[in-house]
Amino acid sequence: MRHLVSIADLNLDEATYLLDNAQELSRINEREVKKLPALTGKTVVNLFYENSTRTRISFEIAATRLSADLINFSASTSSLSKGESLKDTAQTLEALGADAIVVRHPMSGAAHQLAHRGWISSSIINAGDGAHEHPTQALLDALTIRQQLGAGSDLRGLRVLIVGDIRHSRVARSNVLLLKLLGASVEVAGPATLIPEGIDCMGASVSDSFDESLGRNPDVVMMLRVQRERMQGHFMPSEREYQQMWGLSRERLKRVRQDAMILHPGPMNRGFEISSEAADDPRSAVLQQVQNGVAVRMAVLHELLAGDKS
Amino acid sequence: MQRVVLDDAEIGRCLKRISHEILESTSGASNLVILGIPTRGISLAQRIAEQLGQIDPEFEPESGVLDITMFRDDLVAADRKLAPTVIPGGSIDDKVVILVDDVLFSGRSVRAALDALLDFGRPKAVKLAVLVDRGHRELPIRPDFVGKNLPTSITERVNVHLTEHDGNDEVVISS
């Protein structure tokens, strides 16, 4: 494996292998020495064209735990704001010695271009490109689900409900692909304006009612953040209506199965797509997701950078 | 060309002798921690722990695992799968740790194991037990307990087969 651009590039064995390694690495938190020498001498660059706190810090912790050197490069404080192209920036970073570039970009396909245009030979990790994919988020969600269910090797027979702004959500796309690959069945629910065409071709069934979907007793309810920054236009009549139709309110929380899990990729808009009661409920695994994020990113960095390339 | 250098009875005798030597060289079994290096070192460590339990009832016949993947300097793609590290009793502080591996060759995995081990605490002493020492060391490392010293040429391969992994017990040398 040289790059991680899309879940679609992974087969079942590769995905299971990354999750197994991430499971082992998640136990490093229990140790006194939380650092491993595996990537000593390697340089990882965080190249972020969009604001991000948790993903960037998560990659930062993952890289430093593996003893790699890490450089943060964010659009707002660098020559990127002077109009340098993606290609020039990436080539500059490689000339400075980057072994891997973690890239987040508002444009779908940016990570793919960096990986496959032949501009550079560094490993590329997609940390979110437009509305396309966010593969490490899907891996950390799958790891969280697997831990809850007793760390089996796949998620066969599991029913996952993804609710909200599917159209703008790279998290949803990566999750549909990975959950299907691992054998789960996936239902997406959201207002018709926020359901992209063709999502059923990816293997997800589509629902136009959160309440009806909850009636089917899903094992996992994944709430998505409403991405206000991507909504120029009229995708919903009002925030109040969205909240009533598609928010995980106190009332809907009562209808979520007692042994089900609630996931949210963060940052949460409390009181909008998820109520405070749901966010703080024992079934909510939001903080476990954050912890697993570090383990998954360690597993990915290790896979792409450790040892010889052959 | 293949040649069997140890059969199952000989492997059994080697492990029994190593177990006796371990008890002789350390003062009492109560302070011992037996750790196997994946993959086949794990089974050998288990067998040695069982032997120790039979010889000295004071010893709790329990062995652990020390994963060294993240500490290796000779990692190739096929070896990147991590194994869980398990320390019996939870601590190695002030214990005598016996590292167990199947074949001692360059010494690089033992170097990695020493680094991995020291992140878990400060043992009183660390000793190395191997089933086969085939020579060609690249680092200043020597075993404390050896099943069989096996002079080899650098191009030959030494394969340890164990019932737990391969269905039978034998050590084969092939060129």
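1. Start with the domain split: chain A of this predicted model is assigned two domains, with domain 1 covering 7–133 + 291–305 and domain 2 covering 135–289. Note that the bounds of domain 1 come in two pieces, 7–133 and 291–305. Between the C-alpha centres of domain 1 and domain 2 of chain A there are 25 Å.

2. Now the contact between the two. Domain 1 of chain A puts in 26 residues, and domain 2 of chain A puts in 26 residues. On the domain 1 side, look at α1, β4 (123–129) and α11 (286–305) of chain A, each of which gives at least two residues to the face touching domain 2. That face of domain 1 of chain A is a mix by class: 13 nonpolar, 9 polar and 4 charged residues.

3. One helix pair is worth a look of its own. Helix α1 (residues 12–25) and helix α5 (residues 135–148), both of chain A, have axes that come within 10 Å and cross at roughly 65°. Because angles of 65 to 115 degrees count as roughly perpendicular, α1(A) is roughly perpendicular to α5(A). As for handedness, α1(A) goes past α5(A) in a right-handed crossing.

4. Which residues make that contact? From α1(A) they are A:Leu18, A:Leu19, A:Ala22 and A:Gln23, and from α5(A) they are A:Leu139, A:Ala142, A:Leu143 and A:Arg146. Sorted by class, the residues where α1(A) meets α5(A) come out as 6 nonpolar, 1 polar and 1 charged. If you're clicking through the model, A:Gln23 on α1(A) and A:Arg146 on α5(A) are among the residues to pick out here.

Notes. Residues are numbered from 1 along each chain as its sequence is written. Chains are lettered from A and ligands numbered from 1 in the order in which they are written. This is a predicted model: local features need pLDDT of at least 70, side-chain atom pairs count only at pLDDT 80 or more; totals for chains, interfaces and linings use all residues. Axes are lines fitted to C-alpha atoms, for helices over the stretch in contact, and angles run from 0 to 180 degrees between N-to-C directions. Helices (H or I, at least four residues) and strands (E, at least two) are DSSP runs, numbered from the N terminus. Angles under 35 degrees count as roughly parallel, over 145 as roughly antiparallel, 65 to 115 as roughly perpendicular and the rest as oblique. A crossing is left-handed if the near helix is turned anticlockwise from the far one by less than a right angle, and right-handed if clockwise. Two residues are in contact if their C-beta atoms, placed from the backbone, lie within 7 Å. Ala, Val, Leu, Ile, Met, Phe, Trp, Tyr, Cys and Pro count as nonpolar, Asp, Glu, Lys and Arg as charged, and the others, Gly among them, as polar. Domain bounds come from an automatic or database domain assignment.
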